Amino acid sequence: MDKLVIEGGRTLNGEIAVSGSKNAALPILFASILLDSPCTFSNVPDLRDIHTTLKLLHLLGVPCTYENHTVRSEPGELIPEAPYDLVRTMRASVLCLGPLLARIGLARVALPGGCAIGARPVDQHLKGLELMGAHFDLEGGNILGSCEKLTGARIVFDMVTVGGTENLLMAAVLADGETILENAACEPEIVDLANFLVACGADISGQGTSVIRVRGVPSLSGTSYAVMPDRIEAGTFLAAAGITGGRLLVKNCPYDELKAVIAKLEEMGMSITHHPGGVLAECGQLGLSGTEVETRPYPGFPTDMQAQIMALMTVAKGASVVEERIFENRFMHVLELMRMGARIKVSGHTAMVHGVPTLTGAPVMASDLRASASLVLAGLAARGTTEVRRIYHLDRGYECIENKLNAVGACIRRAEQ
Ligand code: EPZ
């Protein structure tokens with residue numbers, strides 16, 4: 001297992017490029033199950049979760065190759081079995097459920113179980129698919145789904161769910177008749193998935209709003225599609241400029257999709273401007289000051305940037321408040337930040353942060369992907385050496401993070417733990 005060793009206190013300066021979006025690429029790759037001809041996906045980030053997905057697709061009968069950020073998929077004979085050994089390492093595996101039912105009316109997918117950030121049930125995925133005519137049983141920890149042919153339905157989600165919306169969207173594109181998804185997630189990654197499906201021949205409207213209409217088509221064919229840039233990686237880089245008092249030009253930065261994050265970083269004293277070559281992020285003359293953040297479904301402030309903005313708050317002047325409204329247990333980074341000298345008090349879904357003049361380097365443990373990113377940010381700003389352990393979480397979602405940050409002035413090395 002690897003760790004990152006960070007020598008803190010260096011100002012970041014220069015250009016840094018954003019990779020393709022993990023959370024857009026995952027559902028888009030699972031959508032290859034729906035296709036009856038080869039497909040090419042470009043700008044696919046080189047990440048552990050992507051390779052897990054390709055392994056799973058292979059097992060499901062969709063052979064894929066990966067080279068130079070490009071995936072090529074071939075249609076094959078589908079095998080409706082997603083085994084626990086893969087599903088437990090990546091919850092997004094449940095996204096094969098909708099496409100398998102749509103294509104062959106059969107799916108046996110291990111139930112994902114809990115994870116570090118909360119229980120994360122999939123009841124909304126199952127409820128929606130049942131309304132479309134699927135039946136489910138639970139057997140030996142597996143969801144067994146079957147149906148004759150999925151039929152269009154009106155599905156009203158009880159809460160906004162990104163994965164639920166994606167699974168139902170993929171199920172609906174080949175169903176008989178019209179499906180209406182209400183209280184659907186509006187995340188840019190949903191729009192990217194819908195745009196991909198449309199490029200393959202699907203009939204979808206309303207993506208990016210809370211009501212998505214899908215008229216089923218008989219078949220979908222492969223295309224060439226470039227995955228959108230990763231807005232969370234981009235947001236993490238903007239935050240890195242802020243916490244190190246630096247200046248970064250973030251290239252391929254999805255500016256419009258980051259408005260809620262940019263507004264908060266500006267409130268904290270950063271200057272962020274959109275240029276043709278990228279988004280320029282600078283820490284203002286007066287340094288950072290505290291703010292209040294509440295995580296919400298898009299277009300609200302993303303839960304996937306909550307840990308990173310909290311790292312900034314730990315060294316911002318005055319008090320800050322973070323309310324986590326999406327996941328029930330997403331403050332695992334707090335105790336680790338406190339080991340570095342942060343002053344944070346958690347009460348239920350709320351964290352109160354009192355900025356300190358500096359953090360001090362310490363050995364810390366990453367508990368999930370975004371918690372790891374917040375510890376890396378804290379390490380960049382801290383006096384002395386920080387060791388971020390269990391870095392495999394970070395490798396699930398950030399491509400070559402230490403190389404990218406070192407190229408703009410950080411001092412990070414990967415070592416064996
Ligand atoms: C996606 O997870 C992302 N993952 C997460 O990214 C992200 O944090 C999350 O959306 C919220 O934006 C991928 O895209 C692969 P949800 P997902 O269904 O789809 C509850 C990262 O760090 N819920 O929108 O699993 C659920 O428990 C990650 O990259 C139900 O109760 O999230 C949660 O509290 C981690 N029943 C809330 O809804 C359901 O059937 C939102 O979950 C489904 C969800």
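A polar contact, as the term is used here, is a pair of N or O atoms within 3.5 Å. In this predicted model, Lys 22 meets that description, since one of its polar side-chain atoms lies 3.1 Å from an oxygen atom of the ligand. Asp 304 also brings a polar side-chain atom to an oxygen atom of the ligand, at 2.6 Å, whereas Gly 163 approaches a ligand oxygen atom with a backbone N or O atom, at 2.7 Å.

The protein covers 86% of the 830 Å² of accessible area that the ligand has on its own. Helix H1 (22-30), helix H5 (123-131), helix H6 (162-172) and helix H12 (369-381) are the elements that each give two or more residues to the surrounding shell. In total 22 residues surround the ligand, and Thr 161, Gly 163, Asp 304, Ile 326 and Arg 370 are the closest. By character, the shell divides into 10 nonpolar, 6 polar and 6 charged residues, and at least three residues come from each of domain 1 (2-15 + 229-416) and domain 2 (25-226).

Turning to the aromatic side chains, a search of the whole structure finds 2 aromatic pairs. Phe 41 and Phe 196 form a tilted pair, with 5.4 Å from centre to centre and 40° between the planes. Because Phe 41 lies in strand E3 (residues 39-42) and Phe 196 in helix H7 (residues 188-199), this pair ties together parts that are 155 residues apart in sequence. Phe 196 also forms an edge-to-face pair with Tyr 225, at 5.4 Å centre to centre and 70° between the planes. Tyr 225 belongs to strand E14 (residues 224-226), so this pair with Phe 196 of helix H7 joins parts 29 residues apart in sequence. Ring pairs thus link Phe 41, Phe 196 and Tyr 225 into a cluster. Phe 41 is buried, Phe 196 counts as buried at 0% relative accessibility, and Tyr 225 counts as buried at 13%.

Definitions and conventions:
Residues numbered from 1 in each chain as written. Predicted model: local features only at pLDDT ≥ 70, side-chain atom pairs only at ≥ 80, totals over all residues. Heavy atoms only, no water. Phe/Tyr/Trp six-rings, centres within 6.5 Å; stacked < 30°, edge-to-face > 60°. Helix = DSSP H or I, 4+ residues; strand = E, 2+ residues; numbered from the N terminus. Buried < 20%, exposed > 50% of the residue type's maximum accessible area, 1.4 Å probe, protein only. Near = heavy atom within 4 Å. Polar contact = N/O pair within 3.5 Å; in protein donor to acceptor, adjacent residues only side chain to side chain. Areas by Shrake-Rupley, 256 points an atom, 1.4 Å probe, with all protein chains shown as cover. Nonpolar A, V, L, I, M, F, W, Y, C, P; charged D, E, K, R; others polar. Domains from an automatic or database assignment.
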